[in-house]
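The exercises below ask the reader to work from the coordinates of a two-chain model towards a description of its parts. Each task is followed by a solution that goes step by step.

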Amino acid sequence: MKYVPFYITLFIFSIIGVLAAIAAVFPQDGLTIGQATLRYPTLTQMFEQDTTLKESPLSPEELLAQRATQMRIQEEQEFLDFFRSNEARIQFPLKDGAIDYTYLDSFYYALNHADSNAVRVVHYGDSQIEEDRISVVLRRNLQQKFGGMGIGIVPLYQTVQSITEGIKTSQEPKRYMVFGSKSMRREGSKRYGPMGQTAVIDTTISITFQPRSKQTGVYSAHYFNQATLLTGGGNINIQWKGQKGTVRNDGSAMQITNLIVPDSTTNLTITLSGHGDIYGISLSGETGVNVDNIPMRGCSGTIFSGIDSKQLSTYFSATNTRLIIMQFGGNSMPYIKTQAQADKYIGTLLTQVKYMQRQAPQAQILFIGPSDMTTRLQGKMQTYPILPYFDEALSTALTEQAGVAYWSLFEAMGGVGAMSTWVRSGYAASDYIHFTRKGAYQVGEILCDALLTGYNYYTWREKDKQPIEYLNPDSTNMLQEK
Amino acid sequence: MHNFLHHIFAFDPNSPLLFTQFYFWAFFAIVYALFSLFHSKLLLRNAFLFFVSLFFYYKTSGLAILILLFVTISDWLIGKQIYRSKTQQKNSLAKFWLILSVCIDLGMLSFFKYAYFLTNMINDMFGANFEVFNIFAWAGNGFTADGRFNVDRIVLPVGISFYIFQVISYTADIYSERIKPVKNFLDFGFYVSFFPQLVAGPIVRASEFIPQLYKPFHLTRRRFGIAVFWILNGLIKKIILSDYLAVNFIDRVFENPLLFSGFENLSALFLYSLQVYADFSGYTDIAIGVAMLMGFYLPKNFNSPYKSLNPQEFWRRWHMSLSRWLKTYLYIPLGGNRNATFGTYFWIITFAFIALILTGSVVAAAIIASVGIIVALVGVFKKERRKKIYANLNSFITMLLGGLWHGASWNFIIWGGLNGIGMIIYKLWKDMSWHLRIFLLSLTTIAIIIISIFFPLPVFKLFSIWIIAIWSVSIIRYIWFILTNITSKVKDNRFTNSLATIWAVLQTFTFITFTRLFFRSGSNLDPRTANQEAWQTAQEMVNQIGSAWDLQIIPDIVAEYWQVFLLFVLGMAIHWLPERWKRWYRLNFSYLPVWLIAIIVVIVVIFVYQFITADLQAFIYFQF
């Protein structure tokens, strides 16, 4: 018997008809027989996709990528909020009309690689940083995070003792300074060395280092495994730890000699003899972070161009200096009354900053302005009237014209009138100018936090350059890690 | 209304036309109604089915239809050229056209199927970091300028492996003068794209199908019944034995082997053997039934493969249309069991090269190349063994390439290689005396046990248990063999013959199941990461299976998954029913009254629907 397609069409449609008819009468929740439930689709279910699940129009990859992007935008927004409006923020320079949040990236990069290549931060300042104030916090925190040891550079003879390191010099040598009293200047020479002061020896003199660790205990800053001597202008004989050596004058602007000392040395005496300049002695580790504290009492920060450029550049490049902090302004405040005077002073500072930029092209510069300073005016303690303007104008000039970063100590500590509060709370001395040690620690901490927030932002941005892990199909199966 | 039309006509990657969906059967009903109007006009019928097939393919694969059309047109044109050259006695010109056609077709296949594989291979080799680039998408964007194609990804077009093989068989059959070229393009397009077998086979050879193009519709009452039977049979296999088992047990284990115990992993492996068979053969059963209703006969694709007594027989029963295609268009051109040709050496070198990349070891590649070439050279000088050696060499190469055809990852090559090794070992074993068999088997067993003692890795433990089982049974068979030879009281009888058959079937089934480890692990993976992932899955499963088992939990597992295990037992039992029983119930079904057949169809639909909508098996941990 033969079948024609017409019959088969009938067959197919009658089956469809029967199935549809069943669908029309079948209970929607199924037919329960004993314990079992017989299910049957409704007509719409037959021809539609499963509608009970509302499917996301995005694939999991797209959705996760979207989530990750949103997350990143929010995270970045937090960083940007900080750098745009927080009073304690680092103010980044402008570059092509926009804020250059990457300004400190090369410094942060160097910190990340400090374990193989030592990084130096040179902190210049006025009397606010004497005794190793503020620098001490920066040093401790950075060394803790990125490794490193030693206190950095010190002069052969120190008039104000450091709170970190006890330094005794057998006698006071002849000294020249680029700052302070005019009588300390050097006739016909700019050779003051990177610290802006030099000792000239013509006899035997010894210097002894010993940690001041009663309060802090011995920590990274007290250890070192190299002592670096900066000399010039003559032959110097050196004796240390039973070793001897001579630096012969080679006519260069400054000679750098590394004295190798045993690992984890804390105490050291160096005996120097001969004739010549001693620009400083640096105690450091071979890797990690070094932070130099270079206070210049009474200085307004306008003296850097008075230092031999060759000496500065030699020092900065030999020590891999990646950040120069210049903290000045306070000493001029009492003398500046008008905006014009302020602008003129700022102009001088810009010249100095640019001079330093030229000597240390690989380093970034962070300028720290004056703290709040109050004085009695018309019987009331109040902030120097020009100070808010000065801080603002200084910040603008440095970030926009000099292209360096600025940190407003004035804003960070609370702005107008803050000094009075600080004095009352024991954070500042009753001269309404200087911090107490306690106050200086707080300033150091908040400065450090601002720098490290920048570091975190940098790290965060670097992370973005790698694929996000959970989008990477090659990432290890979590089960394997069990 | 717009939505409804859109749903019917537009390509949606999430809802392809599958045989297991109501939507397909509504589509088929309409197609069939129209078909019943056109069926007596052959050209109209063929053209109509061509366009319906194109629509079907578009619904399933979207714009990949352009690839289908491209190879259809190019091979139709080239087919004519080959025929013309042949009739003008220009054999070398005909050969040129054939080579061109094969290059175009394999080029398309390689690009879409093997681009990631080849890119990975080159990157591994040269330490380069190339990315795939979809040149067709790029060109497409150039024409349409709306960036609709993604150039960074190459999506495998559905069914490309199948229809590429079909068009190759067309030009090759013309070349070897088995058929004449098809005059009408619409007829040819219909042959290439015929929708029941377009996406998953069977692979229809030109010489078998083209003649049907010119035959009028003819369907007997019995054939009609058989067609309906195949469709129902396929639906039950596909939905119950494949989809249900996969979703409720197998997929879970394969996706996360480490969450499951050794017993569950081993069960999943065996269940997968049933599943992959039910899935694939179920789909082709439906295709055969659907085609038959329209009066077309597609070749049988599976013949109860797990009844095979040895790996060689398995390949005569499993995916038969592919095996025959490979035999006709690869194995025999390679030289078959007579000769080693240029192709033989070419593939030995190529696979040595692939091994070089796979292992990164020049030594490994050199070993493979030299073993292959030495074997081939022994064939050249040892005339008495020549045939066997060539046959083994060529069939091994065929198995490797057959593996690669299934998917573009190392796992499929390994899978093909294991099948090739299994086949060769079987052939060698078959020709050995019992004494030699036992001697070699004992030697191997001892070696594997020693290895597993010195390197107590799960994989060696697994192998040692397996080979001890084989060895024990072989010893019994050996003793039996000696007894039958020394005394006439002990004789082979029906019982012992059945035992031998059962043993052979189980052993083959176990071996095939073991090779599935590599097969399943490589399926359905993102081609970009298929290699690593597949290998990892296989490794994890072996580790789970080869590590110490907690026997106490087995009853709990079986109890908890009782539906799964029951279906497995039922499925295998039906599979192993004697062929004459199957033929008997098939025939009797086809002779049932049409109204009864219709009622059975309705009941089966309701029945399988229960499995489609069954609650998912709850997720249970047995091992902590």
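The structure shown is a predicted model, and the exercises below treat its strands, a helix, its cores and the contact between its chains.

**Exercise 1.** Determine how many residues of strand E6 of chain A are buried, and describe how that strand is paired.

*Solution.* Begin with the burial count, for which a residue is buried if 20 or more other C-beta atoms lie within 10 Å of its own. Seven of the seven residues of E6(A), which covers residues 119-125, meet this condition, so the strand is largely enclosed by the rest of the structure.

Next, sort the residues by direction: Val119(A), Val121(A), His123(A) and Gly125(A) point one way, while Arg120(A), Val122(A) and Tyr124(A) point the other way, and all are buried. This can be set beside the general rule that in a regular strand the side chains alternate between the two faces of the sheet.

Then turn to the partners. E6(A) runs parallel to strand E18 of chain A (residues 289-295), to which seven bridges join it, and Val122(A) has Asp292(A) as its bridge partner there. With strand E19 of chain A (residues 321-327) the pairing is again in the parallel sense, over six bridges, and here Tyr124(A) stands opposite Met326(A).

**Exercise 2.** Establish the strand order of the open five-stranded sheet in chain A, and identify its edge strands.

*Solution.* Following the pairings across the sheet gives the order E8-E11-E16-E13-E14, with antiparallel pairing. The edges are strand E8 (165-169) and strand E14 (243-247), each of which pairs on one side only, and from one strand to the next the twist averages 20°.

For a single pairing, take strand E11 (residues 205-211) and strand E16 (residues 268-274) of chain A, which are antiparallel and share five bridges; within this pairing, Ile207(A) has Ile270(A) as its bridge partner.

**Exercise 3.** Check whether the length of helix H5 of chain A agrees with its number of residues, and list its buried residues.

*Solution.* The expected span is 1.5 Å times one less than the number of residues. Because H5(A) has 12 residues (135-146), it should span 16 Å, and its end C-alpha atoms are indeed 16 Å apart, which agrees.

The buried residues of this helix are Ser135(A), Val136(A), Val137(A), Leu138(A), Arg139(A), Leu142(A) and Gln143(A). Just after the helix comes Gly147(A), which takes a positive phi of about 85°.

**Exercise 4.** Characterise chain B by its secondary structure, and locate the residues at the centre of contacts in the largest nonpolar core.

*Solution.* Chain B has 26 helices and zero strands, and 39% of its 624 residues are buried. Among its contacts with a separation of 6 or more, 71% are accounted for by residues 24 or more positions apart.

The largest nonpolar core holds 146 residues, of which Ile164(B), Tyr191(B), Leu245(B) and Ile250(B) touch the most other members. Helix H11 of chain B (residues 221-255) supplies the largest share of this core, namely 20 residues. Apart from this core lies another, of 110 residues, including Ala342(A), Leu349(A), Ala363(A) and Tyr406(A).

**Exercise 5.** Describe the side of chain B that touches chain A.

*Solution.* Count the residues: 30 of chain B are in contact with 25 of chain A. The elements of chain B that give two or more residues to this side are helix H2 (22-38), H11 and helix H26 (594-612). By type, the residues of this side divide into 19 nonpolar, eight polar and three charged.

Definitions and conventions
Residues are numbered from 1 along each chain as its sequence is written. Chains are lettered from A and ligands numbered from 1 in the order in which they are written. This is a predicted model: local features need pLDDT of at least 70, side-chain atom pairs count only at pLDDT 80 or more; totals for chains, interfaces and linings use all residues. A nonpolar core is a set of buried Ala, Val, Leu, Ile, Met, Phe, Trp, Tyr and Cys residues joined through C-beta atoms within 7 Å. A residue is buried if 20 or more other C-beta atoms lie within 10 Å of its own, exposed if 12 or fewer, and partly exposed in between; C-beta atoms are placed from the backbone. Helices (H or I, at least four residues) and strands (E, at least two) are DSSP runs, numbered from the N terminus. Two residues are in contact if their C-beta atoms, placed from the backbone, lie within 7 Å. Ala, Val, Leu, Ile, Met, Phe, Trp, Tyr, Cys and Pro count as nonpolar, Asp, Glu, Lys and Arg as charged, and the others, Gly among them, as polar. Two strands pair if DSSP finds at least two bridges between them. Axes are lines fitted to C-alpha atoms, for helices over the stretch in contact, and angles run from 0 to 180 degrees between N-to-C directions.
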